[in-house]
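Work through the following exercises with the sequence and the structure side by side. Try each task before reading the solution beneath it.

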Amino acid sequence: RLSTLEGKTIYLVDINWGGPDAAYSVFEEIESWFAKNIPSAKIILKRKYGSYSQDDPKLWKEIAANGNAALIGISG
């Protein structure tokens, strides 16, 4: 666990559960919250390739190389 999110790169990943319009707006709201409350955090909003059950190795490599944390999931 990180001791702080200040200055960290955080990925918000929509896994496409329910289709492309089911949850993306929730992640946009989370992104807005970070902008207001922890503006030094760099937020990267991504949509996982394919359906929720498909793997996305390219995205996981990107997060591992460039991110400090990730919120991955569904919403709606």
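**Exercise 1.** Is Ile-74 buried, partly exposed or exposed, judged by its relative accessible area?

*Solution.* Begin with the kind of model, which is a predicted one, and with its confidence: the protein chain has a mean pLDDT of 89, and 96% of its residues reach 70 or more. Next, locate the residue, which is found in the segment after β3 (69–73). The relative accessible area of Ile-74 is 47%, and because buried means under 20% and exposed means over 50%, Ile-74 counts as partly exposed. As a last step, look for its partners on the surface, where Ile-74 joins Trp-17 and Tyr-52 in a nonpolar patch of about 340 Å².

**Exercise 2.** Find the residues that make up the largest nonpolar core, and then the elements that give two or more residues to it.

*Solution.* The largest nonpolar core has nine residues in all, namely Ile-10, Leu-12, Ala-23, Phe-27, Phe-34, Ile-38, Ala-41, Ile-43 and Leu-45. Turning to the elements, β1 (9–14), α1 (24–37) and β2 (42–47) each give two or more residues to this core. Apart from this core lies another, of five residues, among them Tyr-11, Val-13, Leu-59 and Ile-63. A general tendency can be set beside these two groups: in soluble globular proteins, nonpolar side chains tend to be buried together.

**Exercise 3.** Starting from Ile-10, work out which residues it touches beyond four places in sequence, and then examine Lys-42 as one of these partners.

*Solution.* Once residues up to four places away are set aside, Ile-10 touches Leu-5, Phe-34, Ala-41, Lys-42, Ile-43, Ile-44 and Ala-69. Lys-42 has its place in strand β2, and although Lys-42 and Ile-10 are 32 residues apart along the chain, their C-alpha atoms are separated by 6.1 Å. Under the same exclusion of sequence neighbours, Lys-42 touches Lys-8, Thr-9 and Ile-10. Finally, the relative accessible area of Lys-42 is 51%, and Lys-42 is exposed.

**Exercise 4.** How many salt bridges does the structure hold, and which parts of the chain does each one link?

*Solution.* The structure holds two salt bridges, and they can be taken in turn.

1. In one of them the side chains of Arg-47 and Asp-14 meet, with a distance of 3.6 Å from N to O. This pair links distant parts of the chain, since Arg-47 is in strand β2 and Asp-14 in strand β1, 33 residues apart. Arg-47 is partly exposed at a relative accessible area of 34%, whereas Asp-14 is buried at 1%.
2. Lys-46 forms a salt bridge with Glu-62, and the closest N and O atoms are 3.3 Å apart. Because Lys-46 lies in strand β2 and Glu-62 in helix α2, this pair ties together parts that are 16 residues apart in sequence. Lys-46 counts as partly exposed at 27% relative accessibility, and Glu-62 is partly exposed with a relative accessible area of 25%.

**Exercise 5.** With which residues is Asp-14 in contact, leaving aside its neighbours within four places in sequence?

*Solution.* Start from strand β1, in which Asp-14 lies, and recall that Asp-14 is buried, with a relative accessible area of 1%. Its contacts are then Ala-23, Tyr-24, Phe-27, Lys-46, Arg-47, Lys-48 and Gly-73. Two of the names link back to earlier exercises: Arg-47 is the salt-bridge partner of Asp-14, and Phe-27 belongs to the largest nonpolar core.

Terms used
Residues are numbered from 1 along each chain as its sequence is written. This is a predicted model: local features need pLDDT of at least 70, side-chain atom pairs count only at pLDDT 80 or more; totals for chains, interfaces and linings use all residues. Side-chain values use heavy atoms; hydrogens and water are left out. Patches are made of residues with over 30% relative accessible area and no salt bridge: like charges are joined within 9 Å, nonpolar side chains (Val, Leu, Ile, Met, Phe, Trp, Tyr) within 5 Å. Accessible areas come from the Shrake-Rupley method with a 1.4 Å probe; for residues, only the protein chains shown count as cover. A salt bridge is a side-chain nitrogen of Lys or Arg within 4 Å of a carboxyl oxygen of Asp or Glu. Helices (H or I, at least four residues) and strands (E, at least two) are DSSP runs, numbered from the N terminus. Buried means under 20% relative accessible area, exposed over 50%, partly exposed in between (1.4 Å probe, protein chains only). A nonpolar core is a set of buried Ala, Val, Leu, Ile, Met, Phe, Trp, Tyr and Cys residues joined through side-chain atoms within 4.5 Å. Contact means heavy atoms within 4.5 Å. pLDDT is the predictor's confidence in each residue, from 0 to 100.
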